[in-house]
Amino acid sequence: MNKKRMTKKGATVALALALTIPALTPAAAAEKGQTKIDSVKFNGMQAPSTIQQMVQTYTQASVDVKYSDGTTKNFPLSYNRLFKSEDKVATNKGEMIAAGTPIDVNGDPIMDNSVPGKPVPFVSDAPDSNSLLNPINGQQFMVTHYEYQTMDAAGESAYGVVPASMSLTKLNQDEETGELSADKVTKIDFSEVNGLWIPCNGSLSPWNTHLGSEEYEPDARSFENDPESSARVSVESFAQLYFGDKTKANPYFYGYIPEIQVNKKGKTKVEKHYSTGRFSHELMKVMPDQRTAFFGDDGSYTTMFMYVADKKADLSKGTLYAAKFNQTGTENGGSGNLEWIKLGHASDKEVKKIIDSGIKFSDIFETSDAPKEGFKAIKQYSHGKTEYLKLKPGMEKAATFLESRRYAAMLGATSEFNKMEGLTLNEKDNKVYVAIADQSKGMEKDTTGKDPADHIQLPKMKSGVTYQLNLAGGQTDCNGNTIDSKYAAASMEGLLVGEDMAKADEYGNTANVDKVASPDNLSYSPAMRTLFIGEDSGMHTNNFVWAYNLDTKQLTRILSTPAGAESTGLFAAENRNGFSYIMSNFQHPGDELDTKSITAVDKDELKAAMDREIGINKTGGIGYISGLPSFDEDADKNHKDEK
């Protein structure tokens with residue numbers, strides 16, 4: 001998510017999108033002898049060229065499926081919207097509220113009082129992560145994030161000052177077509193964990209729970225020392241709106257991984273996993289051993305972390321590691337070997353006890369305003385500039401899990417990654433893919449000599465790079481101790497590289513429109529051997545979803561989102577009761593159109609159409625791409641037997 005883009009005004013009108021079901025449904029196409037799929041090929045679409053296309057979320061792509069008997073069938077894809085974040089589809093205390101409405105500690109809608117005498121509920125325009133859970137008790141459920149609030153009712157920025165939320169949607173699924181529809185939407189209760197802070201991306205755990213995120217953790221140092229800092233303002237505003245009491249503001253409440261479990265009755269249970277560390281969590285992706293996990297750490301001057309849980313399917317206790325990047329090349333985005341530094345081991349309960357003790361930043365570190373003996377110079381995201389720190393005696397555990405990035409940098413880990421976003425797993429090839437949305441700043445060579453470290457010295461690529469991490473067992477940490485995992489990342493290298501342009505084209509694009517710009521959401525389908533990539537790019541006027549075939553190396557555009565909107569909620573779901581889907585949302589439509597140099601169409605007419613048909617920075621859409629076949633050899637047969 002691009003934090004700096006959340007500042008524009010706009011109005012809202014709903015965009016009506018038609019639901020298109022392929023003439024030949026995937027289930028019907030799998031005739032006898034054709035249930036085994038040999039390969040899948042995506043046929044892409046052109047970038048939008050008209051105003052009507054530029055304001056829609058749509059696909060003109062299709063899929064060629066080759067079966068084991070040599071025949072090939074073509075499936076046209078379609079985009080289907082479930083609801084908008086402004087739609088009053090959520091049931092809350094017996095009333096219908098907008099799906100994107102945040103709720104407070106008592107479960108009541110949080111009100112926007114920015115216009116005197118006209119209080120209205122806040123409604124997020126930023127739906128993000130989707131997890132389409134595997135069926136529970138025969139029912140289909142989806143967890144969705146509502147990341148933040150772009151604007152308040154008065155048209156002023158509300159980013160980072162309003163509590164966030166998630167929803168649980170019970171879905172209906174048509175037995176013949178696979179069409180999904182929202183049966184019941186409810187808000188998820190975070191009152192047991194002090195509310196929810198900026199939930200960006202997320203993932204589905206191997207044990208069928210949703211793993212959320214809390215991005216851009218508030219800087220505890222600024223919170224403590226500067227009453228005018230954005231950290232203090234944001235956390236106190238959050239506490240006032242959520243608890244009704246700004247004195248309950250505590251930056252150490254936020255910056256973790258929340259896990260949401262859905263039981264057989266469709267009820268949710270929420271836990272925050274404090275032992276996974278506190279940093280700008282983009283998401284957490286768990287490996288096949290159900291113990292090892294990697295994270296995105298979004299922002300500038302960030303760190304790559306790895307977590308190894310003590311027990312399978314239990315994230316309540318484990319060991320946190322941070323990576324040191326040892327560069328080996330600059331070609332195709334760059335490459336490097338990874339060394340892992342052990343930070344510490346703890347349980348959620350241990351860390352929560354430290355937080356509840358009222359600990360402050362100054363209890364953990366001594367600080368200096370200039371270089372000083374015994375102090376370590378570091379630079380990391382939450383503070384944004386070089387600082388000189390010394391760990392206080394006995395504060396190793398607090399530093400590891402409450403100030404993970406700071407402590408990692410002090411121990412020699414790399415804190416120079418920039419806009420490190422989504423991750424996904426390719427189990428067969430033992431790869432994890434990670435998105436760097438903007439390869440600049442700390443990832444460039446430091447020509448000034450002012451940064452405390454310069455581990456990463458890669459070519460500047462504002463449109464970003466998608467990397468692959470190469471996993472291996474038998475690795476040791478920097479102290480020579482064995483890492484208890486077969487899935488530690490040993491190295492990383494560029495897979496797909498964007499292409500910056502010196503000047504904008506006629507549609508306002510400043511990166512090659514036929515390559516990925518600013519990769520963000522990633523999802524991998526093992527059955528299709530395809531990596532799906534969603535963009536969060538100001539460099540493409542319309543952001544896209546891409547399909548990249550790992551075997552053929554073919555990159556195809558398969559979805560376009562409204563101009564100015566970010567593509568979010570990307571989630572490839574195989575075999576949900578015999579059907580497959582690519583979940584895909586959009587957020588903050590129309591954002592920053594004023595800054596675009598657009599001459600191919602009338603920019604004022606484009607803005608008017610966006611305002612009329614969707615609204616600018618007022619709502620977001622939750623939906624999915626349909627038309628895909630099932631990838632279970634027996635799924636189509638079973639589907640027919642059920643009818």
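**Close-up views of a predicted model**

**View 1. Surroundings of Asp348 in the predicted model.** Leaving aside residues up to four places away in sequence, Asp348 touches Lys272, His273, Tyr274, Ser275, Leu315 and Ser316. The structure shown here and in the following views is a predicted model. Asp348 belongs to helix H5. Although buried, Asp348 has no salt bridge. The nearest side chain of opposite charge is that of Lys349, at 9.4 Å, whereas a salt bridge requires a side-chain nitrogen of Lys or Arg within 4 Å of a carboxyl oxygen of Asp or Glu.

**View 2. Buried and exposed faces of helix H5.** Helix H5 comprises residues 348–356, and Asp348, Val351, Ile354 and Ile355 are buried in it. These residues lie on the same side of H5 because they cover an arc of only 130 degrees around the axis. The buried residues of H5 pack against three strands, namely S16 (268–273), S21 (314–329) and S22 (335–347), and against helix H7 (396–402). Lys349 and Lys353 are exposed and sit on the face of H5 turned away from its buried side. After H5 comes Gly358, which has a positive phi near 90 degrees.

**View 3. An open antiparallel sheet of three strands.** The strands are arranged in the order S23-S25-S24, with antiparallel pairing. Strand S23 (365–368) and strand S24 (376–378) form the edges, each pairing on one side only. On average, and with direction ignored, neighbouring strands of this sheet are turned by 40 degrees against each other. S24 is joined to strand S25 (residues 387–391) by three bridges, and the two run antiparallel. Within this part of the sheet, Ala377 stands opposite Tyr388 in S25.

**View 4. The salt bridge between Glu403 and Arg406, with its network.** The side chains of Glu403 and Arg406 meet at an N to O distance of 2.9 Å. Both Glu403 and Arg406 are buried. A network of salt bridges links these two residues with Asp219, Arg221, Arg278 and Glu387. Side chains of opposite charge can pair when their charged atoms come close. In total, the structure holds 28 salt bridges.

**View 5. The salt bridge between Lys93 and Asp108.** The two side chains meet with an N to O distance of 2.8 Å. This pair links distant parts of the chain, 15 residues apart. Lys93 lies in the loop between strand S5 (90–92) and strand S6 (95–97), while Asp108 lies in the loop between S6 and strand S7 (111–112). Lys93 has a relative accessibility of 56% and therefore counts as exposed. Asp108, with a relative accessible area of 30%, is partly exposed.

**View 6. The salt bridge between Arg529 and Asp551.** In this pair, the closest N and O atoms are 3.0 Å apart. Arg529 is located in the loop between strand S31 (519–525) and strand S32 (530–535). Asp551 is located in the loop between strand S33 (544–549) and strand S34 (555–560). The salt bridge thus links distant parts of the chain, 22 residues apart. Arg529 counts as buried because its relative accessibility is 16%, and the cut-off for buried is under 20%. Asp551 has a relative accessibility of 49% and so counts as partly exposed.

Notes: Residues are numbered from 1 along each chain as its sequence is written. This is a predicted model: local features need pLDDT of at least 70, side-chain atom pairs count only at pLDDT 80 or more; totals for chains, interfaces and linings use all residues. Side-chain values use heavy atoms; hydrogens and water are left out. Two strands pair if DSSP finds at least two bridges between them. Helices (H or I, at least four residues) and strands (E, at least two) are DSSP runs, numbered from the N terminus. Axes are lines fitted to C-alpha atoms, for helices over the stretch in contact, and angles run from 0 to 180 degrees between N-to-C directions. Buried means under 20% relative accessible area, exposed over 50%, partly exposed in between (1.4 Å probe, protein chains only). The arc is that of the directions from the helix axis to the C-beta atoms. Contact means heavy atoms within 4.5 Å. Lys and Arg count as positive and Asp and Glu as negative; His and the chain ends are not counted.
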